[in-house]
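Colleague: I've got the sequence and the model open side by side. Can you walk me through what's in there, one question at a time?

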Amino acid sequence: MTGSSTKGLVNSHFSHARFSYPSEIAWISDHMLIVAGGRQLRKIDERNKQVGQICTGELGHKDGGLSKCELKYPNSILAYSGTLYIGEEKYIRMIKGLFCY
């Protein structure tokens, strides 16, 4: 298990990480998960026991790689064939090159 009973957005080791209303989880590799919650996507690395941020964390509608995209309340995610599909408000977004972890 990762996270704590305290709400927040803290990227850290499993024992210190915090989440804010996680809504969806998708496996992207044998040791990596993506979690949607709030306005962020977070990665959970089970091998290294770390939680990290994907995209900028800024509110917006900006496509790009994993470090450049901006989201507005992602509420559904699906990982398929190297692409992450993200449902948010009126959009379905795609982030390619996901399985490089």
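Colleague: Before I trust anything, what does the protein chain average in pLDDT?

Modeller: Keep in mind that this is a predicted model, where local features need pLDDT of at least 70, side-chain atom pairs count only at pLDDT 80 or more, and totals for chains, interfaces and linings use all residues. Residues are numbered from 1 along each chain as its sequence is written, and side-chain values use heavy atoms, with hydrogens and water left out. pLDDT is the predictor's confidence in each residue, from 0 to 100. Here 80% of the residues score at least 70, and the chain average is 79.

Colleague: Which element has the highest mean pLDDT, and which the lowest?

Modeller: Where pLDDT is low, the predicted coordinates should not be read in detail. At the low end is strand β7 (residues 91-96), with a mean of 81. The highest mean, 88, belongs to β5.

Colleague: How many helices and strands are there in the protein chain?

Modeller: Helices (H or I, at least four residues) and strands (E, at least two) are DSSP runs, numbered from the N terminus. Read from that end, the elements go β-β-β-β-β-β-β. That comes to zero helices and seven strands.

Colleague: What share of the residues is buried?

Modeller: Buried means under 20% relative accessible area, exposed over 50%, and partly exposed in between (1.4 Å probe, protein chains only). The chain has 101 residues, and the buried share is 43%.

Colleague: Which residues of β2 point one way, and which the other?

Modeller: In a regular strand the side chains alternate between the two faces of the sheet. β2 is mostly covered, with six of its six residues buried. Met32, Ile34 and Ala36 point one way, and the other way point Leu33, Val35 and Gly37.

Colleague: How many bridges join β2 to β3?

Modeller: Two strands pair if DSSP finds at least two bridges between them. β2 and β3 form a hairpin with two residues between them, and Gly38 in the turn has a positive phi of about 65 degrees. Val35 has Arg42 as its bridge partner in β3, while Gly37 has Gln40. The two strands run antiparallel, and the number of bridges is six.

Colleague: What is the bridge partner of Glu24 in β2?

Modeller: Glu24 takes us to strand β1 (residues 22-27), which pairs with β2 in the antiparallel sense over five bridges. β1 and β2 form a hairpin too, with four residues between them. The partner of Glu24 is Ala36.

Colleague: Why is β3 called largely enclosed?

Modeller: β3 covers residues 40-45. It is largely enclosed by the rest of the structure because the buried residues number five of the six.

Colleague: Is Lys49 buried or partly exposed?

Modeller: Lys49 is found in the loop between β3 and β4, strands that form a hairpin with four residues between them. Its phi is positive, about 60 degrees, although Lys49 is not a glycine. At 40% relative accessibility, Lys49 counts as partly exposed.

Colleague: And Ser81, is that one buried or exposed?

Modeller: Ser81 is in the loop between β5 and β6. Phi of Ser81 is near 50 degrees, a positive value in a residue other than glycine. With 64% relative accessibility, Ser81 counts as exposed.

Colleague: Which strand gives the most to the largest nonpolar core?

Modeller: A nonpolar core is a set of buried Ala, Val, Leu, Ile, Met, Phe, Trp, Tyr and Cys residues joined through side-chain atoms within 4.5 Å. The largest has 15 residues, and those touching the most other members are Ile34, Leu41, Cys55, Ile77, Leu84, Ile86 and Ile95. β2 (32-37), β5 (76-80) and β6 each supply at least two of its residues. With three residues, the top contributor is β2.

Colleague: How far is the backbone nitrogen of Lys72 from a polar atom of the side chain of Glu88?

Modeller: Glu88 is found in strand β6 (residues 83-88), and at 1% relative accessibility Glu88 counts as buried. The distance from the Lys72 backbone nitrogen to that side-chain atom is 2.6 Å.

Definitions and conventions: Polar contact = N/O pair within 3.5 Å; in protein donor to acceptor, adjacent residues only side chain to side chain.
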